[in-house]
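Subject: Structure for you to look at

Dear colleague,

I am passing on the structure below, together with some notes on what was found in it. Please read the notes with the structure open beside you.

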Amino acid sequence: MIVLGIETSCDDTSLCLIKGDNSARPEVLSHTRFSQDTILREWGGVVPEIAARNHLAKLSPLIKQTFEEANLKVSDIDLIGVTTHPGLLGPLLTGLNAAKTLALLYKKPIVAVNHLFAHLEAVHLHEEITYPYLGLVVSGGHTLFLLVSGPNEFEPLGSTLDDAAGEAFDKGGKLLGLGYPAGVLIDQHAKLGNPKAINFPVGIRDSKNANFSFSGLKTSMRTFIDKEGLPKDQRLNDVCASYQDAIVRAIVLKSKYAKAFAKEKTGKELRLVVGGGVACNSGLRSGLVAKYKN
């Protein structure tokens, strides 16, 4: 089976052609992407209307490029998978309309995709992962644990009560005047700083559950800046390292409860699979590896 995937849930336009079945690891035939980071930097973040217009402008040439790189025609595919939720309404509709147009013209079926689940299931492109497993989605808009028992079986075990980890990174970086996307810049500064320099708080740390809260962390950054002013040079590195460390400690701490809940439900010690944009953060990777390296 050959599947065309279309993703436009936020600011990246991404298309992929995948070939596979249930007997082997899927093969990526081609993958194209357009990032709006440079365009949206002027606005300090994602503007849904601008993002939707850029998706509209880029989808057609990217579809053409995707099929050319795979040496295929649209008529060769068996299925279209398109992100339908969650996400920004305008960008989502742009991708969905493109998928519906292709489906109508070429008489191909469509499958609606929850991109949070897809964040986790993408692991099958790289590794042989058996069910069940414990999933952690860490992105700009979501932070949650899921017990994944099958391709369409996802049970929430815990989530953020307010802001996502990615939003905490971006808003914290904006307060520091770092620009957009701030999460990447905080990670770069954090590598040069002391994570113990400032004692930023870990939200609901004493609650024995798998939920998160990052709103208080953002407030503590604002309070710190109001008191000390914008940090510079090494002090900036230390602030970024400490702020990032608070986010990482919260996720590592809550993973302990999520793993316990998953074991209680399945009777097994489950493997942890991490997906989402914030999974690229070097501090988070190091923190989780240090906790679960055995």
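**The five-stranded sheet**

Strand 4 and strand 5 are paired in the parallel sense over five bridges, where strands are DSSP runs of E with at least two residues, helices are runs of H or I with at least four, both numbered from the N terminus, and two strands pair if DSSP finds at least two bridges between them. Within this pair, Thr83 has Val113 of strand 5 as its bridge partner. Before going further, please note that this is a predicted model, in which local features need pLDDT of at least 70 and side-chain atom pairs count only at pLDDT 80 or more, while totals for chains, interfaces and linings use all residues. Residues are numbered from 1 along each chain as its sequence is written, and side-chain values use heavy atoms, with hydrogens and water left out.

The two strands belong to an open sheet of five strands in the order 3-2-1-4-5, with mixed pairing. Strand 3 (27–34) and strand 5 (110–114) are at the edges with a single partner strand each, so one side of each has no neighbour in the sheet. From one strand to the next, the twist averages 20 degrees, angles being taken from 0 to 180 degrees between N-to-C directions, with axes as lines fitted to C-alpha atoms, for helices over the stretch in contact.

Strand 1 (residues 2–7) is joined by four bridges to strand 4 (residues 79–85), in parallel, and Leu4 has Ile80 as its bridge partner there. Six bridges join strand 1 to strand 2 (residues 13–19), and these two run antiparallel; a hairpin of five residues connects them. The side chains of strand 1 alternate, with Ile2, Leu4 and Ile6 pointing to one face and buried, while Val3, Gly5 and Glu7 point to the other and are not buried (buried means under 20% relative accessible area, exposed over 50% and partly exposed in between, with a 1.4 Å probe and protein chains only).

Helix 3 (residues 89–106) lies across strand 1, strand 4 and strand 5, and runs at about 160 degrees to strand 4.

**The four-stranded sheet**

Another open sheet has four strands in the order 8-7-6-9, again with mixed pairing. Strand 8 (153–159) and strand 9 (272–275) stand at its edges, each with a single partner strand, so one side of each is left without a neighbour in the sheet. Strand 7 pairs with strand 8 in the antiparallel sense over six bridges. Thr143 lies in strand 7, and it counts as buried because its relative accessibility is 0%.

**Core and helix packing**

In the largest nonpolar core, which has 39 residues, Phe200, Phe214, Ile247 and Ile251 touch the most other members; such a core is a set of buried Ala, Val, Leu, Ile, Met, Phe, Trp, Tyr and Cys residues joined through side-chain atoms within 4.5 Å. Strand 6 (133–138), strand 7 (143–150), helix 5, helix 7, helix 8 (233–266) and helix 9 (282–292) each supply at least two residues of this core, and helix 8 gives the most, with 12 residues.

Helix 5 (residues 165–175) and helix 7 (residues 215–228) pack at an angle of about 10 degrees, with their axes 10 Å apart. They are therefore roughly parallel to each other (angles under 35 degrees count as roughly parallel, over 145 as roughly antiparallel, 65 to 115 as roughly perpendicular and the rest as oblique).

With best wishes

Technical notes: Contact means heavy atoms within 4.5 Å.
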